[in-house]
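Thanks for coming. I will go through one structure, starting with a single residue and working outward from there.

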Amino acid sequence: MGVVLNEETIALIARFEKITGAGSRDVIDNSEDDCLIFVVNPGDMGFAIGKKGINIKKASESFGKRVEAVEYSDDPAQFIRNCFHPSQVKEVQFSDYHGDQIAHVVIRDEDRGRAIGKAGKNLNRTKMLAMREHDIKNIIIE
């Protein structure tokens with residue numbers, strides 16, 4: 001599989017890296033939410049956010065839309081945990097459904113609403129990222 005970047009996404013990543021100092025491997029322009037979601041390199045989340053959130057705020061101002069960052073992990077379970085942050089994920093298990101990988105995620109009861117988000121926004125974002133980065137076809141919150 002693998003993510004294919006075009007000239008536009010490469011330019012967005014370069015601009016984000018210049019503003020924040022954080023390396024990024026992917027960006028998704030989520031036009032539904034007027035938001036850019038950057039998948040930052042492992043260990044670069046602190047740079048992406050900056051002290052008291054200053055870097056992420058600068059990036060948002062520069063791009064003229066909300067900017068979010070998710071830390072990449074080669075481990076699909078850890079990547080899903082990172083996508084749901086700050087919600088606490090208790091467990092991630094995978095199953096195979098007709099050749100498609102499905103993630104079953106157990107979230108702490110008090111964090112379920114935040115993990116799903118208004119009208120399923122956060123869950124849909126996580127599904128989109130998991131599909132793009134790890135070829136996970138669906139996420140089921142249990």
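**One residue, one cavity, one sheet**

Leaving aside residues up to four places away in sequence, Asn-30 touches Cys-35, Ile-37 and Met-128. Before I go further, please keep in mind that this is a predicted model.

Asn-30 belongs to strand β1. Is Asn-30 buried or exposed? Its relative accessible area is 14%, and the cut-off for buried is under 20%, so Asn-30 counts as buried. The strand around it follows suit: β1 covers residues 24–30, and five of its seven residues are buried, so β1 is largely enclosed by the rest of the structure.

Next, the partner of that strand. β1 and β2 pair in the antiparallel sense, over six bridges. In that pairing, Asn-30 stands opposite Cys-35 in β2, and Cys-35 is also one of the residues that Asn-30 touches. The two strands form a hairpin with four residues between them, and there Asp-34 takes a positive phi near 50 degrees.

Now the cavity. How many cavities of 30 Å³ or more does a search of the whole structure find? The search finds one, with a volume of about 40 Å³. Asn-30 is in its lining, together with Asp-33, Cys-35, Ile-37, Arg-66, Glu-68, Lys-121, Asn-122 and Arg-125. By class, that lining has two nonpolar, two polar and five charged residues.

Which elements give two or more residues to the lining? They are β2, residues 35–40, then β3, residues 66–71, and α6. The largest share comes from α6, with three residues.

Helix α6 takes us to the second part of the talk, a sheet of three strands. The sheet is open, its order is β4-β5-β6, and the pairing is mixed. β4, residues 89–97, and β6, residues 136–141, stand at the edges; each has a single partner strand, so one side of each is left without a neighbour in the sheet. From one strand to the next, the twist averages 25 degrees.

As a reminder, strands of a sheet pair through backbone hydrogen bonds, either parallel or antiparallel. Here, β5, residues 100–107, pairs with β6 in the parallel sense over five bridges. Within β5, Ile-102 stands opposite Asn-138 in β6.

Two helices pack on this sheet. Helix α4, residues 76–84, touches β4, β5 and β6, and its direction makes about 125 degrees with that of β4. Helix α6, residues 121–134, touches β5 and β6, and its direction makes about 145 degrees with that of β6. So that I do not lose the thread: α6 is also the helix that gives three residues to the lining of the cavity.

I will finish with a residue on an edge strand. Lys-90 sits in β4. Its relative accessible area is 53%, and the cut-off for exposed is over 50%, so Lys-90 is exposed. Residues up to four places away in sequence aside, Lys-90 touches Arg-81, Val-106, Ile-107 and Arg-108. Lys-90 and Lys-127 lie 37 residues apart in sequence, and their C-alpha atoms are 18 Å apart in space.

To put the two residues side by side: Asn-30 in β1 is buried, whereas Lys-90 in β4 is exposed.

Methods
Residues are numbered from 1 along each chain as its sequence is written. This is a predicted model: local features need pLDDT of at least 70, side-chain atom pairs count only at pLDDT 80 or more; totals for chains, interfaces and linings use all residues. Side-chain values use heavy atoms; hydrogens and water are left out. Two strands pair if DSSP finds at least two bridges between them. Axes are lines fitted to C-alpha atoms, for helices over the stretch in contact, and angles run from 0 to 180 degrees between N-to-C directions. Contact means heavy atoms within 4.5 Å. On a 1 Å grid over the protein atoms alone, a cavity is a set of points where a 1.4 Å probe fits but cannot get out, and a pocket is an open set with protein on both sides within 12 Å along at least five of seven lines; lining residues have an atom within 4 Å of a point. Grid points are joined across faces, edges and corners, and a volume is the space filled by probe spheres set on the points. Ala, Val, Leu, Ile, Met, Phe, Trp, Tyr, Cys and Pro count as nonpolar, Asp, Glu, Lys and Arg as charged, and the others, Gly among them, as polar. Buried means under 20% relative accessible area, exposed over 50%, partly exposed in between (1.4 Å probe, protein chains only).
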